[in-house]
Amino acid sequence: MATPPVNTMPSEPVKALPAATGKLSSVHSLHYKLVLALYRVFAIAALYLVLIGIVAYAFIMGFYAVNSSWAAPVILSASDEKSLDFREKLVTSQQTIEDLKVDTNKLNSGIAEMTKHRAALLELEPKLQAAIVREKNHNLAAGPELETLDQQKLSDNVKTQKVLAQLNQVESDINKDLAAGLITKGDAAAQISELNQTHGNYTDSKIAEVLLTDSILDKTTTGTGSLDVLVKQAELRSEVAQLDIAIAVAQKQMTEEARQIDRLRQAIVTAKQSPYYLNASGGQTLYFAFVPYDNQANAVPGAAIYDCYLNMVLCRRVGTVKQIYPAEEDAMHPIFKTQIRGFLIQMNLDHSDSAKSKTVFLGRKPMLL
């Protein structure tokens, strides 16, 4: 029996294995070289990009460190805290002016009334003084005359008293004649009535003498009535002096309030030139920019404004500087992100999108491009 060839079939693959292995090795080598080349290209590109980024960053930092013409656009809103606070203070100042005007009008009316009252008192004072002098002169003349009349009245009363003593005897005789029936009761009553009337006249005379004594006292001494007049005169002069003081105080207060009104008006006029007032009160869109103090030389009215791509190249003119606001402002540096001090300017922009740029340049292009 013949033996089958066992090793015939495996021998052929064994012979083809080296060729297939060589092809697979060459493909792997090609892939490896390609990946390595791409890696090197990407590594070099990344390295150059990093270097370019570092150089660009350093250039930008250096550019903004030495450039003195940049400004940072600022968007102000009527609802900003500063605008609202500014508006509130302005309204408060205007209300204060109105209150001062009302108070000034009251003071003016009060001064007019006090001046009128003072004039009336001053007009009354000479009349009162003349009356006092006239009464005093009259007393000086009437006093001695009253004293003489009083002496005469006393003498008359003494004489009358002697007559009354005799009339008492007459009354006794009348009563006796009536009792004896020599006269009628009517005659007796009439005679007695006359006697009583004489007694009454004597009493009136004594009363008149006492009253005359009082009049003499009033005319020859300073009585309570004279003192009352003097007190009224002193009160009148005191009231005039108080009115003078009140008028002077009111006039001084009016002067101070007028000065305060002028100061507030001047402050309001100045405040109305603030960008916060213009922004809060105006209906039109206004554009502003922050300028650091180091760049102040280029911020002049009428100076051209340029907006650039990448914040420094390919610049175009977009407007002019309209107004300078010297009040100090604080802001964040648009590049360095540090706090800086400066002021605001108002811009006339032909392209409103430039108000949204990070920076603009004043007076000239930063790199002549």
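Two strands are taken to pair if DSSP finds at least two bridges between them. Helices (H or I, at least four residues) and strands (E, at least two) are DSSP runs, numbered from the N terminus.

This is a predicted model, in which local features need pLDDT of at least 70, side-chain atom pairs count only at pLDDT 80 or more, and totals for chains, interfaces and linings use all residues. Residues are numbered from 1 along each chain as its sequence is written, and side-chain values use heavy atoms, with hydrogens and water left out.

The protein chain holds five helices and six strands, in the sequence order α-β-α-α-α-α-β-β-β-β-β. Of its 369 residues, 27% are buried (under 20% relative accessible area, with exposed over 50% and partly exposed in between; 1.4 Å probe, protein chains only). Its accessible surface is about 24,800 Å², and carbon and sulfur atoms account for 60% of that (Shrake-Rupley method, 1.4 Å probe; for residues, only the protein chains shown count as cover). Where contacts (heavy atoms within 4.5 Å) link residues at least 6 apart in sequence, 77% join residues at least 24 apart.

Strand β2 spans residues 287-292 and is mostly covered, with five of its six residues buried. The table lists two pairings of β2.

| Partner of β2 | Sense | Bridges | Residue opposite Ala289 |
|---|---|---|---|
| β1 (residues 70-74) | antiparallel | three bridges | Pro73 |
| β5 (residues 339-349) | antiparallel | six bridges | Ile345 |

Ala289 of β2 thus appears in both rows: Pro73 is its bridge partner, and Ile345 in β5 also stands opposite Ala289.
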